[in-house]
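This briefing is intended for readers who wish to study the structure shown below at the level of single residues. It proceeds by topic, from one helix to the cysteines, the surface and the charged pairs.

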Amino acid sequence: MWHDIGLALLRIIVVFAVALLFVAYLTYLERKVIGHMQVRMGPMRVGPHGLLQPIADGLKLFFKEDIVPYESYKLTFYFAPLLCLVCALILFAVVPIDRNFMITRLNIGLLYILSIASVGVMGIILAGWASGSKYSLLGGLRSAAQMFSYEIFLGFSLIGPLMIAGSLDLVKIVEAQKVPLIVYQPVAFVIYLIAALGEINRTPFDLPEAESELVAGFHTEYSGMKFAYFFLAEYANLLIVSAIATIVFLAGWKGPILPGWMWFLIKMFIFVYFFIWVRATFPRYRYDQFMRIGWKIMLPVVLANIVVTGIVMMLV
Amino acid sequence: MVAKVLMKDLLIGLRRTFYYFFTKPITVQYPKEKLQPFPRFRGFIRLVKDEEDKFKCIACMQCARVCPAQCISLKGEGKGKERHPVEFNIDFSRCIFCGFCVEVCPVNALEFTSFYEGAQYDLDWLKFDIDKLTQDYKKWERTFKK
Amino acid sequence: MVPLNHVILYAVLMFAIGLYGALARRNVFIVLMGIELMLNAANIAFIGFASHLGNIAGQIISIFVITVAAGEAAVGLAIVVAIFRNRLSVNIDSFNLLKW
Amino acid sequence: MGSAQVFFYIFAALSLIFALLVVTRRNAIHSAICLIVTFFFMAAVFVILKAELLAAVQVLVYAGGVVGLMLYVIMLVKGEEANQVKHNLGQKIIAAFVALLLFIQLAAVVWVSLAGKKAGALAAEAAKFGGNTEGIGALLYTKYLLPFEVASVLLLAAMVGAIVLAKNKLER
Amino acid sequence: MAVKEEQQFKELLAKGTSLGKVDQDLMRETIKTQDLWINMGPQHPSTHGVLRLILSLQGERIVDTEVVIGYLHRGTEKLAEARTYHQIIPLTDRLDYLASPNMNFGYVLAVEKLMGIEVPERAEYIRVLMAELGRISSHLLWLATHALDIGAMTVFLYCFREREMILDLFEMATGGRLTTTYYRIGGVAYDLPEGFLDKVEEFCEIFPSRVKDYDDLLYANRIWLSRTVNIAKIDAETAIALGLSGPSLRGSGVNWDLRRNQPYSVYDKLDFEVAVFDGCDVYARYLVRRKEMLESCKIVKQCVEYLKKTEGPVMAKVPKVIKPPAGEVYMATEAPKGELGYYIVSDGSTKPYRLKIRTPSFANLMSLPEMCKGHLVADVIAAIGSIDIVLGEVDR
């Protein structure tokens, strides 16, 4: 029994350490990629080609003065970023990086991810409210509405693939794919990508943080380590969304020659790159337009996708 | 219609950024490498001495008069050809680098250097007296690249 | 395995707490939360019985309970918003127009 | 006592404590936060009682949805200020008395009638369908199709009702 | 709410910003709503400087916008009264610091008109060349920041890349990058350096292909369209009534460009098209400026052609101490932002008695409340961006 617990702990530590490292270097990757797309270089100063930049940023944020606004609700103000980060990190628990390498295997894996992600939104609402500032509150409420509605499309776009795979277990989903599901479900894939952009608050749907309108949205008043938590949570969510896309649409670790975990990482980073790429390219939607796209275009399309998938599955 | 559904307009944008992802960045790593300003560049001003190590300036006060920011003050001594400045102050914290003083000088006693890094912790550093104005600005300049 | 009466006792306790919240508080939101707790207590009981009897129907009933609870929360909050527009208050004592 | 049982008592106790906090906090937002935590522990209890799907749905619908909606509305209408009015002690005592009475009555019945029975061995029916999720799904679409449809109609009605109620008259 | 009252309120709402104090009270009585006041600026990332807007909102719709200016007031007009005519030139640089040649241009033209100075043709061509380069650089910066406000951050850096090229050209010819101080009363400070014209030609070759870059990211992009089309509409009549000028006016379909309608300098000898679009919205103003950049590029090419062929003086015979005759003059030029007018009253001394500057940004900014009415908060950002203000010019 102790052996099992020790092994489980080891796996938890490895996965979380790697996840945190990835999240930290994701910021570096994003800055580099966007930099090169904008004919500049990105961070170059700390270490060779700025490789130590995330560590320097982390240290800076760690030692920064932690400002707590006078008007804020202290306890909630401290609690909200933690909620965000924890909700983002525990999602990694069910992600199968390889056939046998994951912290735990749940038979409701996908549902677990959706449900925990929905709780992560609370952190953002609470942060907006607890800051005691108008801009923060508006940002918080905006992101709440945004994430609630885009979670629906995110979930619905996964139903089509799930019907084909026939399980909520992430491992089973991968194993059910002889051919990557993107071939059967291209519409669901596109909708998933768009909904994912909305869910993790990235351009063109980065309204909660629309700096030209709401300054910095819900984390306007946050500084130091608490700000870093939000930052990490955001990038952790980005990784998770990419990981789910990999598992559900691109057959996870499956692939010739290379070991499974490497395939998984390669596929995941294709999505990460795509999200960064989109951020470098597009302007931002307005709030009402964004909601309209969700409810008037994406919802009908994704429902039609489910119906069509069902009919085809019945006939075949 | 088909183009709209396939998001052609968005794909064009994505192609453009993707193209630039593989081109060479145009960044100049500023404190490490610097661009050589053009010869006409209006940097800090210095007071020129001729071959015999004498001031070219004849203290005619034209530069002080023409300066829109009124940052030049000087005092001259001597008469006729012997006239030279004993005090010459330019307050670079006020100077707007318009170049009128250099333009107006009848004996070309003032000239621009290519030194421009005037950001200092100490405001007094920017108040140049006659010694500082004649010093070689090359001392502060680092390597250029262009 | 857990004794069934402990599970049901837990459900009953939860129900009592929810009842207390619904009765004792004036803030309409906390009253709503109390009602949510009571509904959840019912869920616990259903699931306890389901696992005791080895019958999955109990869990299905809980799904219906959750549906009802979600609907109740939506309509309840909408009513609160509508009343707040007119009364500028969320104190349940000020919602007394239909009282006699 | 198996480890599942130990965890059951721990999670049950924690959820009860947070449920108590929910009904006693002055600030409605703090109550909502406690409610989220309560639902989390309740979901843990569900997992121990072999209802994994329900645990996930619990978190998704309650902790993610309903409480989120509540927070949203509380913030919009500044609901946390409502408790500035003085508390009626009499009402509290009566409420506590009623709740206690109900508890004692129900607890007595439960204790006597259900003593010695075990919970947590959900087997036959779920295994027939190859798992919890599959079992619920299959039953929902066969045996319980009518109630399921009724529930969806109910949700639709609730949605329409909520929109009609909350919509600003001006914009109509 | 009674039907009658509701009707009343709808009428009031239709009146919008013209509501007086009393009517607003009535409005508040008629229905119970809370107006939300948002203070946008002076420290706001997208008000382009230190502009402050007080927005009163109904829900997310804007009922009224109050523009508060003066945070960058430097007293240029008053300062000018204590400067000689020559010393005013660097002051004008700092009005619209994004297109300083154009600012100089208007001022020296005004003084020349007052004194009746004939400027050598070569100097005129150099002036036009510089002014058009200044126009391109100003529009580039506008496009950059406007796109950034709406969220497209890559356009920002592409535009700055080209603007950097223009600034390099400025530095090469004038010695200054931002505040060029190149124009003099009677000509320009010094002739163009060697190799300058080749570099300008090179730039003109590259530039249209770079405009294609921005087009790829914006022109047909559905997000850009949905953020700009039908936003901040202002029709031609209102635009004229509010004194709009420049690209903001031409975006409303009014074909009015001082370079063609009241030709000054050598513009009448140059061949160019005036960009006019009648969308009346943010997108039309974007199209106008986009086309203007290309047209300016064309003008620059013609100037280069002329300058390569000819030699000659770049300075007229001007007395060393400038003493215009007593009198007054108004000279309007087409600056990148619109009609830039200098009104000089001279009492015959070496300093102007009064210098009044009619800056385009100031007049354009006052159309903002009209534009924003009934739109969402996010559209205010697009509207501010589309009228292209520079606070140095607004506050003078």
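Which residues in helix 11 of chain A are buried? They are A:Y287, A:Q289, A:F290, A:M291, A:I293, A:G294, A:M298, A:L299, A:V302, A:N305, A:I306 and A:T309. The model under discussion is a predicted one. The points below begin with this helix and then turn to other parts of the structure.

**Helix 11 of chain A**
- Helix 11 of chain A runs over residues 287-315 and has 29 residues.
- From its first C-alpha to its last, this helix reaches 41 Å, which is close to the 42 Å expected at 1.5 Å a residue.
- The helix carries a kink of about 35° at A:M298, and A:M298 is among its buried residues.
- The proline A:P300 follows shortly after the kink.

**Make-up of chain D**
- Chain D contains seven helices and zero strands.
- Along the sequence, its elements follow the pattern α-α-α-α-α-α-α.
- Of the 172 residues in chain D, 43% are buried.

**Cysteines**
- Over all chains, the structure holds zero disulfides.
- A disulfide is a covalent bond between the sulfur atoms of two cysteines.
- For A:C84, the closest cysteine sulfur belongs to A:C87 and lies 7.3 Å away, so the two are too far apart for a bond; the cut-off is 2.5 Å.
- A:C84 counts as buried, because its relative accessibility is 7%.
- For B:C101, the closest cysteine sulfur is that of B:C98, at 6.3 Å, and this distance is likewise too far for a bond.
- B:C101 is also buried, with a relative accessibility of 7%.

**A nonpolar patch on chain A**
- The residues A:M1, A:W2, A:I5, A:L9, A:I12 and A:I13 make a nonpolar surface patch of about 700 Å².
- One of these residues, A:M1, is placed in the segment before helix 1 (2-37) of chain A.
- A:M1 counts as exposed, because its relative accessibility is 74%.

**Salt bridges**
- The whole structure contains 43 salt bridges over all chains.
- Side chains of opposite charge can pair when their charged atoms come close.
- E:D168 and E:R177 form one salt bridge, in which the closest N and O atoms are 3.0 Å apart.
- E:R177 counts as partly exposed, at 25% relative accessibility.
- E:D257 takes part in a salt bridge with E:R250, at 3.6 Å from N to O, and in another with E:R259, at 3.0 Å from N to O.
- E:R250 is buried, with a relative accessible area of 0%, and E:D257 also has a relative accessible area of 0%.
- E:R259 is buried, as is its partner E:D257.
- A network of salt bridges links B:R16, E:R161, E:E162, E:R210, E:K212, E:D213 and E:D216.

**A loop glycine in chain E**
- E:G186 is located in the loop between strand 4 (183-184) and strand 5 (187-188) of chain E.
- E:G186 counts as buried, because its relative accessibility is 0%, and buried means under 20%.
- Although E:G186 and E:L109 are 77 residues apart in sequence, their C-alpha atoms are 8.6 Å apart in space.

Methods. Residues numbered from 1 in each chain as written. Chains lettered and ligands numbered in written order. Predicted model: local features only at pLDDT ≥ 70, side-chain atom pairs only at ≥ 80, totals over all residues. Heavy atoms only, no water. Buried < 20%, exposed > 50% of the residue type's maximum accessible area, 1.4 Å probe, protein only. Patch = residues over 30% accessible without salt bridge, like charges linked within 9 Å, V, L, I, M, F, W, Y side chains within 5 Å. Areas by Shrake-Rupley, 256 points an atom, 1.4 Å probe, with all protein chains shown as cover. Salt bridge = Lys/Arg side-chain N within 4 Å of Asp/Glu carboxyl O. Helix = DSSP H or I, 4+ residues; strand = E, 2+ residues; numbered from the N terminus. Expected span 1.5 Å × (residues − 1). Bend = angle between axes of the 7 residues up to and from the residue.
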